Amino acid sequence: PLVLSKFSRKFSLDPDLILLSDYDSKVAKMYGVLEDKEYSGRKIKEITRTTYIIGPDRKVKFVWPRVVPKNHPQDVRNKLKQLKE
């Protein structure tokens with residue numbers, strides 16, 4: 001889709017990389033990254049920032065739980081390069 005191609009170009013991502021938009025949290029639930037949190041006395045579900053690299057064989061190749069965004073894009077690029085070797 002056009003939106004993903006703009007995003008991919010903006011961040012210099014491999015054009016063959018498939019990105020997922022999980023608007024209904026279905027995939028987040030499957031991967032167990034929704035956590036119960038409490039803010040101001042209200043219980044809510046919140047996604048724990050997690051990155052998965054899934055190979056062409058549809059198997060999980062690498063997981064980063066509780067991602068800290070600052071250097072994460074470079075970490076992902078390095079891991080993708082390593083996995084291609």
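At 43% relative accessibility, Ile54 counts as partly exposed, a class between buried (under 20% relative accessible area) and exposed (over 50%), with a 1.4 Å probe and protein chains only. Ile54 lies in strand β3; strands (E, at least two residues) and helices (H or I, at least four) are DSSP runs, numbered from the N terminus.

This is a predicted model, in which local features need pLDDT of at least 70, side-chain atom pairs count only at pLDDT 80 or more, and totals for chains, interfaces and linings use all residues. Residues are numbered from 1 along each chain as its sequence is written, and side-chain values use heavy atoms, with hydrogens and water left out.

The pLDDT is the predictor's confidence in each residue, from 0 to 100. The protein averages 86, and 94% of the residues score at least 70. Confidence is lowest in helix α1 (residues 2–10), with a mean of 70, and highest in β4, at 94. Where pLDDT is low, the predicted coordinates should not be read in detail.

Strand β3 covers residues 51–54, and its side chains alternate: Thr51 and Ile53 point to one face and are buried, whereas Tyr52 and Ile54 point to the other and are not. Strand β4 (residues 60–64) runs antiparallel to β3, and four bridges join the two; strands pair if DSSP finds at least two bridges between them. Tyr52 stands opposite Val63 in β4. The hairpin of β3 and β4 has five residues between the strands.

Ile54 also belongs to a nonpolar surface patch with Met30, Tyr31, Val60 and Val63, and together they have about 440 Å² of accessible area. Such areas come from the Shrake-Rupley method with a 1.4 Å probe, and for residues only the protein chains shown count as cover. Patch residues have over 30% relative accessible area and no salt bridge, and nonpolar side chains (Val, Leu, Ile, Met, Phe, Trp, Tyr) are joined within 5 Å, like charges within 9 Å. A salt bridge is a side-chain nitrogen of Lys or Arg within 4 Å of a carboxyl oxygen of Asp or Glu. Helix α2 (26–31) and β4 each supply at least two residues of the patch.

Two loop residues other than glycine have positive phi values.

| Residue | Loop | Phi | Relative accessibility |
|---|---|---|---|
| Ser40 | between β1 (34–39) and β2 | near 50 degrees | 80%, exposed |
| Arg58 | between β3 and β4 | near 70 degrees | 76%, exposed |

Thr48, in the loop between β2 (42–47) and β3, is buried, with a relative accessible area of 13%.
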